[in-house]
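Dear colleague,

I am passing on the structure we spoke about, with the sequence alongside. Please look through it first; my notes on what was found follow below.

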Amino acid sequence: MSRPLPKAGRYALRAASLAVALGVWQLLTSLDIDLWLRFSQFPTVTDVARTFADRLSGADYWTDLTDSLTRILTGFLLAAVLGVATGVLVARSRLAEDLLGPVLEVIRPIPAIALVPVAILLFPSNEQGIVFITFTAAFFPVLVSTRHAVRALTPVWEEAVLTMGGGRWRILASVVLPGALPGIFGGLSVGIGVSWICVISAEMISGQYGVGYRTWQDYTVVNYAGVFVGMVTIGVLGWLTSTAVELLGRRLTRWLPRTSYGPGRPKAPKSPAPTPSRTARKPASEPEEARDEHLV
């Protein structure tokens, strides 16, 4: 059995995998490899790094970054609050399920980016429309995950609170929300990723500032190194926000048991097999009287 890597070794391994990927990218683009994929059309890693350094020294990059983060956080926080509240309401109330369920299920399959015309017609500014697109993208993953998590709770916990004299709000605070937290954060992790996809797409279509808007502008002027700078920025921002959601979820669900990770984790010691006591042992042979009764 292989021994587990220390924490520093794991980080070094991750950095090495990223360095290898960048090295392969640099090699394929610098040599103009054209087998089936046309890597000769791609900028090299050094070109992207040079353009990225130029963008960092300008004010437009930080303005775009601030605008995109403001839009994503505003829409995502609204979706988190309303998604959790609606999911709990639909899962706990048959009346709410009958009233809201059909409408939500009809709207849910519509891609959030397809609502851009609706947002343009509905809201007085493009900024509010982009926040609406971001909110819609994250709302439904949070809603569905919360609804399933609440419905999966065992009724024994609720009955225990009722037995001790607790009311509806006590059940909600001590049973429903804590028990559904793992499922809720699963929906939040999915929602933050979908939100980034939709906010970048909305900025490309109707935005004036933002990472998506700047990436599309670079594409229209055939600045492919700038396009890759935008892609890298989007990837890093998405990774940071999703990691923040995951860390918050782990912090709020510390009471949950954690499964073992990796083949190097030490296994729990096996409990010895119970040995039958002498008094509980079955006699090897039946008494003579019992055999005589069987024969009668």
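**Gln217 and its surroundings**

Gln217 is found in helix 9, which covers residues 211-220. Please bear in mind throughout that this is a predicted model. Is Gln217 buried, partly exposed or exposed? Its relative accessibility is 30%, and because partly exposed covers the range between under 20% and over 50%, Gln217 counts as partly exposed. Along the chain Gln217 and Val227 are 10 residues apart, and their C-alpha atoms are separated by 8.5 Å.

**The chain as a whole**

The chain has 11 helices and 0 strands, so that, read from the N terminus on, every element in the run is α. Of its 296 residues, buried ones make up 31%. If one takes the contacts between residues at least 6 apart in sequence, 70% of them join residues that are at least 24 apart.

**The nonpolar core**

In soluble globular proteins, nonpolar side chains tend to be buried together. Here the largest nonpolar core has 46 residues, and those with the most contacts inside it are Phe76, Ile133, Phe139, Val176, Leu188, Trp196 and Val199. At least two residues of this core come from each of helix 3, helix 5 (116-122), helix 6, helix 8 (168-206) and helix 10 (224-252), and helix 8 gives the most, with 14 residues. To take one of the core residues more closely, Ile133 is in contact with Ala112, Leu115, Val116, Ala119, Cys198 and Ala202, once its neighbours within four places in sequence are left aside.

**Two partners of helix 6**

Two packed helices are described by the angle between their axes and the distance between the axes. For helix 3 (residues 59-92) and helix 6, the axes come within 6 Å and cross at roughly 35 degrees, and the crossing is right-handed. The residues of this contact divide into 18 nonpolar, 7 polar and 5 charged.

For helix 4 (residues 94-107) and helix 6 (residues 126-151), the axes come within 12 Å and cross at roughly 135 degrees; the two helices are therefore oblique to each other, and their crossing is left-handed. On the side of helix 4, Glu97, Leu104, Glu105 and Ile107 take part, and they meet Phe139, Phe140, Leu143, Arg147 and Arg151 in helix 6. The residues of this contact divide into 5 nonpolar, no polar and 4 charged. Phe139, listed here, is also among the residues with the most contacts inside the largest nonpolar core.

With best wishes

Methods
Residues numbered from 1 in each chain as written. Predicted model: local features only at pLDDT ≥ 70, side-chain atom pairs only at ≥ 80, totals over all residues. Heavy atoms only, no water. Axes fitted to C-alpha atoms, helices over the stretch in contact; angles between N-to-C directions. Helix = DSSP H or I, 4+ residues; strand = E, 2+ residues; numbered from the N terminus. Parallel < 35°, antiparallel > 145°, perpendicular 65-115°, else oblique. Left-handed = near helix turned anticlockwise from the far one by under 90°. Contact = heavy atoms within 4.5 Å. Nonpolar A, V, L, I, M, F, W, Y, C, P; charged D, E, K, R; others polar. Buried < 20%, exposed > 50% of the residue type's maximum accessible area, 1.4 Å probe, protein only. Core = buried A, V, L, I, M, F, W, Y, C linked by side-chain atoms within 4.5 Å.
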